[in-house]
Amino acid sequence: MNLQRVAATASKEWREIVRDRLFLALTFLVPTSLMLVVGYGLSLDVEDIPLAIVDRDGSNLSREYSHRFMDSRYFDFQGYALDRHELPPLLEDNKVRAAIIIPENFQKELLAGRPVVVQTLIDGTFPFRAQTIKGYVLAMNTAFTSEMLAMYVAKQKGVSISEAARRLQPIQFQTRYLYNQSMRSSWALAPRLIMVILMMTPPFYTALGIVREKERGSIYNIYSSTVSRLEFLVGKLIPYVGISAANAVILFLLATELFGAPFKGSLLFFIPATLLYIICTTGLGLVVSVLVRTQVAAMVVTFIVTVIPSILYSGVVVPIESLSPTAQMTAHALPAMYYTNIIVGAFMKGVGLNELWPDVLVLAIYAAVLMTIGYSMFHKRPST
């Protein structure tokens, strides 16, 4: 391989990119825009849930029970409803997402030591949010119930409320969240968006760059030149790898500085791993480019093989362990999942090569296989 011809090919490709100012601008604007739009628009935090309450008792205990929900940051109290028949229109118009119905004789029954049934209506159109709301309601109801039981036991046994609470709960359950103590979804999503965007954009650039040569007919200059296949492909890919590496730096800064995601790992590990992932995705674009003849076809095929795997089969939204067996096999056959492990380990857990070397090894194998396939399928004398 002649390095001078590689450099000449890379220089020619870079001049063509710079000459097309719109394409050059989009190569940097698209990843940044995706990071900003998706980063601010996608959130898994379930907070400020519109809530209505029907208090048919109006007692001190019922008001205290209601204030448990009103004062919580998870609920946005919209006001009292006079009757349960007023709730369906509010739920249908999305003015509220949940409603609490406190029955009559709420305080009387509780003070008598008898159980009381409180009804909760939850909008189930979005199952994940509905299950989260249910968890909030159960947690608050359990805390209130424990306090009421402690008061009842203290009254019956003649002990203090704290002593009664200790007897009722001999085992105290304490939870500590590791790696993301504040449970902020932006800390978890922003780093993963780096994986998604670097899965989408480098293949687009590479596929369009090579297929554009076919559409314009300038590829025949390469066919008739002394430049070898390897020299042409390496020179062609170098500018796009460089642009994607620059985008990776921008995305890293956005994730850490703008969204505040903590980076606990080592840059000496993360930078080479990211560059290896970029080579993987660039190789994916290379394979697409040798299979299609038009830029439209290249965009469609690239969208199918990059966007869907990066979102559905990478662990960004749904953990890999929660997928079906077939979906898990698909995830393990794609590079997105392995780089997601590297992203999470480097950002959130502060681990490096000693723990993540299997993922790095798979990415290296993946890059070698893709580049080999692209090289073997590209011919200077294609059959007509």
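This is a chat about helix α8 and the nonpolar cores in a predicted model.

Trainee: Where does α8 sit in the sequence, and which angle does it make with α1?
Mentor: Helix α8 covers residues 185–216 and packs against helix α1, residues 3–19, at an angle of about 90°. Their axes are 12 Å apart.

Trainee: What do we call that arrangement of α1 and α8?
Mentor: Angles of 65 to 115 degrees count as roughly perpendicular, so α1 and α8 fall in that class.

Trainee: Which residues make the contact?
Mentor: On α1 they are K12, E13 and E16, and on α8 they are G209, R212 and E213. Five of the contact residues are charged, one is polar and none is nonpolar.

Trainee: Okay, is α8 itself largely enclosed or not, and why?
Mentor: Largely enclosed by the rest of the structure, because 28 of its 32 residues are buried.

Trainee: And how far apart are its end C-alpha atoms?
Mentor: They are 46 Å apart, which agrees with the 46 Å that 32 residues should span at 1.5 Å a residue. After α8 comes G217, with a positive phi near 85°.

Trainee: New topic: which element gives the most to the largest nonpolar core?
Mentor: That's α8, with 11 residues. The core has 50 residues, and those touching the most other members are M35, I194, L198, Y339, I342, F347 and L363.

Trainee: What is F347 in contact with?
Mentor: Leaving aside neighbours within four places in sequence, its contacts include P191, I194, F252 and F270.

Trainee: Which residues are in the second core?
Mentor: That separate core has 20 residues, among them F69, F75, L110 and M140.

Key:
Residues numbered from 1 in each chain as written. Predicted model: local features only at pLDDT ≥ 70, side-chain atom pairs only at ≥ 80, totals over all residues. Heavy atoms only, no water. Axes fitted to C-alpha atoms, helices over the stretch in contact; angles between N-to-C directions. Helix = DSSP H or I, 4+ residues; strand = E, 2+ residues; numbered from the N terminus. Parallel < 35°, antiparallel > 145°, perpendicular 65-115°, else oblique. Contact = heavy atoms within 4.5 Å. Nonpolar A, V, L, I, M, F, W, Y, C, P; charged D, E, K, R; others polar. Expected span 1.5 Å × (residues − 1). Buried < 20%, exposed > 50% of the residue type's maximum accessible area, 1.4 Å probe, protein only. Core = buried A, V, L, I, M, F, W, Y, C linked by side-chain atoms within 4.5 Å.
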